[in-house]
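Me: I should like to learn how strands, sheets and cores are read from a set of coordinates. Please give the general idea before each case.

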Amino acid sequence: MEPDDEALREVAAAVARAPPPQRRGISYSQPLTRDAASARRAAMRNHSLDDEHILPASHSLSYVHHDPSAGMPTGYHPPLPPHQFHHHHPSASYSAGSRRSVGGASDGSMTLERAMSEYGGGHGTLPEFVGAGGGKGIFRVPLRAAMHPARPPPLEVRPHPLRETQAGSFLRTLAAEPERRQLWAGAESGIRVWALDEVFAEWGAGARRGDEESAPFREGVPAPPALCVAVDRANRLLWTGHKDGRIRSWRMDLDAASTAPAPPPPGSGDGGGSVGGSSHGGGSNAPVFREALTWQAYGRTPVLSMVVTSYGEIWSGSEGGVIRAWPYEAIAKSLSLSPEERHMAALLVERAYIDLRNHCTVGNVCSLPASDVKYMLADYARAKVWTITSMTFALWDARTRELLKVFGMDGQVESARLDASVMPEQPVEEEVKVKPSKKDKSQGSLNFFQKSRNALIGAADAVRRVATKGTFVEDNRRTGAVAQAMDGAIWSGCTNGSIIQWDGNGNRLQEFQHHTSSVQCIKALGERVWVGYASGTVQVMDVEGNLLAGWTGHSCPVIRMTICGSYIYTLAHHGGIRGWPLTSPGPLDDILRTELANRELSYTRMEKINIMVGSWNVAQGKASAESLKSWLGSVSSDVGLVVVGLQEVEMGAGFLAISAAKETVGLEGSANGQWWIDNIGKALDEGTSFHRVGSRQLAALLIAAWARKSLKPYVGDVDAAAVPCGFGRAIGNKGGVGLRIRVYDRKMCFVSNHFAAHLEAVSRRNADFDHIYRTMSFNKPHGSTASTSVQLHRAVNVNGNQVEEVRPDLAEADMVVFLGDFNYRLYGITYDEARDMVSQRSFDWLREKDQLRAEMKVGKVFQGMREGLIKFPPTYKFQKHQPGLGGYDSGEKKRIPAWCDRVLYRDSRPISVAECSLECPVVASITSYVACMDVTESDHKPVRCTFSVDIARVDELTRRQEYGEIIESNEKVRSMLEGSCFVPDTTVSTGEIVLENQENIVFRITNKCETSKASFEILCEGQSSKKGDGTKSEILPRVSFGFPLWLEVQPAVGLIKPGETVEITVHHEDFYTQEEFVDGIPQNWWCEDTRDKEAVLMINIRGSTSTETKLHTINVRHRCPATSAPPPIINNPPASAAPPGNVLSSEAPSKRSSKKSQPNHQRQQQDYAQFGSSEVHDLCRMRCP
């Protein structure tokens, strides 16, 4: 039933003028509630889900793989018959080692001849017709293997969890503490930590759903989402910034911080969050640890970024360009308070902040943009801090907190601007209310379309204006990540895939690009730099920016990276964590890959599931409960997954125009569509036997899926897509809607279609399939794709040349099912001949006249896909409500009966007969393919196809344990890992530095190794003070071993080439200015004498393949002149006055501006009375009167 073509052409033209859809990043999957009764010990994960694309050879210098290109034969071939498995529920699991034979065959295999001898196919299955053209290009099956041949074998710390199990607990940040071998992750529900020494262990009695195969971890008390983290090795704390505006600290000594068992996770219901009990962290009864010091950093805005500076201060950034610094003195005093004084400690730090934006604002004019401070970087080499928004950089002096420079991504210095409040962006309208047009009552009412044409075009234009109102076209040159390489250069990654190198003064050095995807994270160690992209790619470069290697690390964006020991750990957007050897690519990868592949049988598990797929062109009608029961409900008891596709749910030019306009703002659905979903759910006993996992509607097209409740732990990650094909590829009367569902760790795609009508439109139908197959792009949870139909980009190699087209999403699925009204007709036959053949049930003869079969034979459509043998009458065209074969169209047009409604599929088999394995993980066979001829509500008959599907998956827990056993038992592997911990031999020219006359002191670090570069990092173990009796106080470290304010060391980070020497300059001040702030406003300033202070410098030397260090120490002390005395301080300076020139004149250029208030002098001494350290007592004593 088609609306007027001319009217729709004009509507399509109006919609086509709309900008690209700004669809919100939403998931169409239905939230899965937790069900402890049905949860099993292990919800398995498999690496192949993350094998989205294999990089070309230029991207992965050490890896090559065979690309099968053999075509697939045409004709009827038997599918692999289902294995006879012992099972206890509709989807049983068994080990590969205990596989039972098929039909008594000892080897469990099925030959072609034997399969054909039984009912023309395997036992209980139908013969299948296979289209030509498969196995080539985008139509070849995706490469799968026990171990991915084009990347290093990863250490699966946390396998990819189902998205539905992570509601409210997605991981968003990652950090490591190498000395304690701890891996910390910030989640939407708080903090968790893995002890890497126990990474090969398993849970005790159970784990939370989604983490059954994760390495054991511990959790902190529930907290709002953690957005940023900073490691403080000096105080053994992890600092985290949260969405509620608070900064929290967590003790790395977990036993000391432990408290009561963890409450169930959000949405867990009555204990549904775990499988059994557990004494390990992460289980429902696991002990959790509390935060140490916490305070409210911002009132109503989140802590977006945070960093610890070279001088042990914590700086944080938030929305609107707000930057605050938290002085070490207030933090140290708060940490010294007892747990009973927690509130006092929080209040002390909370009010001690320094508002850096106010510091650089004069007369409401500020150089800083009023944009969110998304990233911060501490330049430890030069004691500076970088604060970064999407488009600008600000450079600060970490010691004086002075703003040095504000510049854009092009390196141009930004001018000061009026510091006005920023107007919030206008949100995209959530709903579009358009008065519905009168329903088209007659198919041929041309008058109606002529009268309403202008109204329809106006409606489309109105919604288009709503779509564009207040929207922001994202610039592809935004900063997405920033890091410091060990040579001191700053690397910033852009959303267009380019990387910019800067020197320490904010000058651009070079820009290069090795990938087209957005840069998400950057991490450096030694002479290497790792970059993670939104495509899931991980690349390794040297410090000059030369690409060394690359591989597909995850199936979704790599959002964070951290280094610990000999591994770099990557966090994917879906929450999976993998560890990669720092030596990769290299010989270690080859050994691990070979050893793990040899143990494949130990971690291979097999599953079986029955899937029912139904398609019906409903011709804008509705069905009775009896019809739905006949179509779906009567056989649903034997299946685990039901997928239903409908066409012509609702038509008419008005509806199609409004639907197309709504798509531009991310809206979908209709009342008719919801009616069908609800009533199909009733027929399937939704809520008791099945639960709905996802749906998608595009105008007249609808697809929905239901899974049996017992499969809930194994079905999820549901994404949706839609591709319009009607009238300039803009209207959804024709096209496809799809669902991608993860079933037992394998991706299955189901696409409901409606192709071009009319007997002669064969080439248009072929083009519709090709367009849908190539452009259907499933929505990602992170919303990286604005539209569900996009143009494919090409990857670039090292030289910037286009090398290979990215494979479509459908090409990367383990199983693809196309269903719908394909509209292929019978050709070369008259209406009467067709009726006669149908009445005689001469379907073999009719199949020879089938357009679809003819096109598939020559490889023009559905290349390599399969269809079961058709044994039912043509499903089109019937007169409504007329039962039996006498109901075929007998009107004026007398349309020739045809098999318009079909179901075709492709699984993982590269050949017709293949056994299910990790190399061929999904093998399906058709057990039933029928049409429901007794249903009369439409001019089409519904069809139903049932599949028996064997699935091979990886037991990730077992494979991780095998990984650990290989590392423990294989001498070559152990030797290589020990070799990766090599630290170049270095010497330091002195072990003691004596400071006097404020002169610069230089010492040298020499790399004695002739083959490897050495990286160095200089920290301050702490400072002590001389007491009156000549003894020294306890050494007190600042946060993250920061330097005291009176000491400058540059460069504090760097690389030393083999056999070369680097000079380090140490500068000090006899006196320096100290300040005190309350609520961001300076209250007091005073002079501190440093002549009785001593410090211990730590020089950590590392290689490039491990975080192992060699330590050198240097004692730094004063030689005090006898006549020195602290200079005077002027009390109560004017608000705009600078400190006088005779006060610390040698330090004037870098001195902090501050004020002093005399009445607060005694109160300040009382404030520090509880601190109890000699450092603070001396500080109070040295305040000038």
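Reply: Two strands pair if DSSP finds at least two bridges between them. Strands themselves are DSSP runs (E, at least two residues), numbered from the N terminus. This is a predicted model, in which local features need pLDDT of at least 70, side-chain atom pairs count only at pLDDT 80 or more, and totals for chains, interfaces and linings use all residues. Residues are numbered from 1 along each chain as its sequence is written, and side-chain values use heavy atoms, with hydrogens and water left out.

Me: How many bridges join strand 60 to strand 61?

Reply: Strand 60 (residues 1093-1102) and strand 61 (residues 1110-1118) run antiparallel and are joined by seven bridges. One of the residues to inspect is V1096, whose bridge partner in strand 61 is N1115.

Me: In what order do the strands of this open sheet lie?

Reply: The order is 52-61-60-54-56, five strands with mixed pairing. Strand 52 (992-995) and strand 56 (1053-1056) stand at the edges; each has a single partner strand, so one side of each lacks a neighbour in the sheet. From one strand to the next, the twist averages 25°, an angle taken between N-to-C directions on a scale from 0 to 180 degrees, with axes as lines fitted to C-alpha atoms.

Me: Which strands form the open sheet with antiparallel pairing?

Reply: That sheet consists of four strands in the order 4-36-35-34. Its edges are strand 4 (155-158) and strand 34 (558-564), each left without a neighbour on one side because each has a single partner strand. Strand 4 pairs with strand 36 (residues 577-581) in the antiparallel sense over three bridges; L155 has G579 in strand 36 as its bridge partner.

Me: Is G550 buried or exposed?

Reply: Buried means under 20% relative accessible area, exposed over 50%, and partly exposed in between (1.4 Å probe, protein chains only). G550 counts as buried because its relative accessibility is 0%. G550 is found in strand 33 (residues 547-552), and its C-alpha is 9.8 Å from that of P152, although the two are 398 residues apart in sequence.

Me: Which residues touch the most other members of the largest nonpolar core?

Reply: A nonpolar core is a set of buried Ala, Val, Leu, Ile, Met, Phe, Trp, Tyr and Cys residues joined through side-chain atoms within 4.5 Å. In the largest, of 56 residues, F750, F947 and V949 touch the most other members. A second, separate core of 47 residues includes V307, A325, I1018 and A1052.
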